[in-house]
Amino acid sequence: MQEFKVDVAVIGAGTAGLNARRSAERNGASTVILDPGPYGTTCARVGCMPSKLLIAASERAYSARGSGLFGISASVKIDGRKVMTRIQKERGRFVKWVLEAIDDLRKRKLLIPEKTSFVGPNLLQAGQCLIKAKTIVIATGASSVIPEPYQGLGNILLSHENIFELKDLPKSCLVAGGGLIGLELGQALHRLGVRVTILGRHGVIGPLKDPRVRKEAKKIFSAELDFYPNHKLKKIRKTSNGAEVSFSDSRGPVKKRWFERILIAAGRRPNLRSLNIHHAGVSLDKKTGIPEFNPETLQIKNAPIFIAGDVNRYRAVLHEASFEGEIAGENAAKYPKVKPYERWIPLSIVFTDPQMAVVGKSWKDIKGHRGYVCGDVNYETQGRSQVMAVNKGWVRIYGEVKSGRVVGAEMLGPRVEHTAHLLAWAIEQKLTVFEMLEMPFYHPVIEEGIYTCLEDLSRKMKHRKTYKN
Ligand SMILES: Cc1cc2nc3c(=O)[nH]c(=O)nc-3n(C[C@H](O)[C@H](O)[C@H](O)COP(=O)(O)OP(=O)(O)OC[C@H]3O[C@@H](n4cnc5c(N)ncnc54)[C@H](O)[C@@H]3O)c2cc1C
């Protein structure tokens, strides 16, 4: 057994881990990073980037098919092999940049390519290496969960971890999960000519919690997709070339369908269990399965251990994993002088069509509180959206009556990836709805929908104040 001593050991070479190591090194610590691979990060290899590449292809097909509305005729023929080839080629470029960074670490002998677990406080085992570290950063990410009924279906199962490796698009695909991954990939496959059924549970539609916005989302997605947000699975039978699936929902009798492939998109579980973190005297919370940690320092209780990225389930999105890596790396290097960082407001975006986003406080945070009101806009009649025939969606912006400040939004609509940023920045700047209404809004733009929504919010705020007085 080889033994090493180091200031900061980072477990996991994904976005959070690579950033944590860099940040620890910048702050004067000796470092090592432990990861058996595959390298390239979830984001570039099997997450954000290949999923957006698939969506980009589906958008081309969808808009060409819909061009008749504008008096333009186009015929669409989808070559699944070429679609997958482009995804893999472009994805390869994103992954290459990470692999170059990994190679550099290997050359500097800062990478141990082994699966790692705790064998004591401050002590890790990675293959034949024992690493004694002053502090440790856990950045092991998360993995897809395969729900019990789907286990044992073997090679017909797909997940985000292998779907982008396919040589060709399948003819049909059941998507198990109506969350953000299920809806993004399910809609993209559907638009690329795959026969798709999406089975969700508990009425979940992406990240949306607001009942008004969710109702609109259900209406819009169910109109386009074979989508059951609240299904009951009856039976799955493996056949020689796929699986036969029976399910029901409140809409009617049991349906039986055959699918060539099943895409599992039923949530991701933190990669924590195999770390044997109890050897470091840390226990996992029985309910969440995560150790108790401070989101501003990322320290686990008073232990010399930090936890960053998807593994802590705090905010499983890329920009937060990256920021958390910075925080955890710096604090690990400076331990025991640990500094709290003010966190950004939450921002998550789903690249369906229409897109979905949650910014700042969500419905869950404000429901039942009399101190908040919401403004609404229905995108059906929004000018620019109508011009472009993308007039679908509903946006709700929440405001705090006492301060007049905009505090959050749940959004479904065209280009909300952009309008969500405007709102996020305004909320970070602590702007009131009245200050936002004094800003310029060009005409005709999709952002005018946000103006309409803010106007509605300001009216309701004034009314609530008058009403209270
Ligand atoms: C399909 C999909 C689409 C997404 N789209 C978006 C998007 O559009 N926008 C967005 O912001 N976010 C998106 N995300 C989320 C985003 O990809 C993640 O938040 C981010 O990649 C998490 O980074 P991470 O460093 O925490 O984990 P990862 O990048 O997964 O890194 C974890 C690393 O830990 C290693 N590891 C695991 N166990 C061990 C062990 N025992 N020992 C050593 N090493 C170990 C793994 O090999 C891996 O390299 C998407 C995710 C998915 C799955």
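How many cavities of 30 Å³ or more does a search of the whole structure find? The search, run on this predicted model, finds 2. They are taken up below, after the ligand site and a pocket.

The ligand comes first. It is surrounded by 34 residues, and the closest of these are Asp-35, Thr-42, Lys-52, Asp-310 and Leu-318. By class, this shell consists of 16 nonpolar, 13 polar and 5 charged residues. Lys-52 also makes a polar approach through its side chain, where an N or O atom is 2.7 Å from an oxygen atom of the ligand. Backbone atoms take part as well: a polar backbone atom of Thr-140 is 3.5 Å from an oxygen atom of the ligand, and a backbone N or O atom of Ala-316 lies 3.5 Å from a ligand oxygen. On its own the ligand exposes 1,000 Å², of which the protein buries 90%. Two or more residues of the shell are supplied by each of helix H1 (15-26), helix H2 (42-46), helix H3 (48-65) and helix H7 (318-334).

Helix H3 turns up again in the second largest pocket, where it gives the most to the lining, with 3 residues. This pocket holds about 670 Å³ of space. Its lining has 20 residues, and those nearest the centre are Tyr-62, Ser-63, Asp-353, Met-388 and Val-390. Sorted by class, the lining comprises 8 nonpolar, 6 polar and 6 charged residues.

What, then, is the volume of the largest cavity? The value is about 60 Å³. Its lining is made up of Ile-55, Ser-58, Glu-59, Glu-184, Gln-187, Ala-188, Arg-191, Phe-351, Thr-352 and Asp-353. H3 and helix H5 (180-191) are the elements that give two or more residues to this lining, and H5 provides the largest share, 4 residues. The lining of the largest cavity divides into 3 nonpolar, 3 polar and 4 charged residues. Asp-353 is a residue to look for twice, as it is listed both in this lining and among the residues nearest the centre of the second largest pocket.

The second largest cavity has a volume of about 40 Å³. Around it are Leu-54, Met-84, Ile-163, Phe-164, Leu-166, Asp-168, Leu-169, Pro-170 and Leu-189. Which classes make up this lining? There are 8 nonpolar residues, no polar ones and 1 charged residue.

Key. Residues are numbered from 1 along each chain as its sequence is written. This is a predicted model: local features need pLDDT of at least 70, side-chain atom pairs count only at pLDDT 80 or more; totals for chains, interfaces and linings use all residues. Side-chain values use heavy atoms; hydrogens and water are left out. A residue is near a molecule or strand if one of its heavy atoms lies within 4 Å of it. A polar contact is a pair of N or O atoms within 3.5 Å; within protein, one must be able to donate a hydrogen and the other to accept it, and residues adjacent in sequence count only if both atoms are side-chain atoms. Accessible areas come from the Shrake-Rupley method with a 1.4 Å probe; for residues, only the protein chains shown count as cover. Ala, Val, Leu, Ile, Met, Phe, Trp, Tyr, Cys and Pro count as nonpolar, Asp, Glu, Lys and Arg as charged, and the others, Gly among them, as polar. On a 1 Å grid over the protein atoms alone, a cavity is a set of points where a 1.4 Å probe fits but cannot get out, and a pocket is an open set with protein on both sides within 12 Å along at least five of seven lines; lining residues have an atom within 4 Å of a point. Grid points are joined across faces, edges and corners, and a volume is the space filled by probe spheres set on the points.
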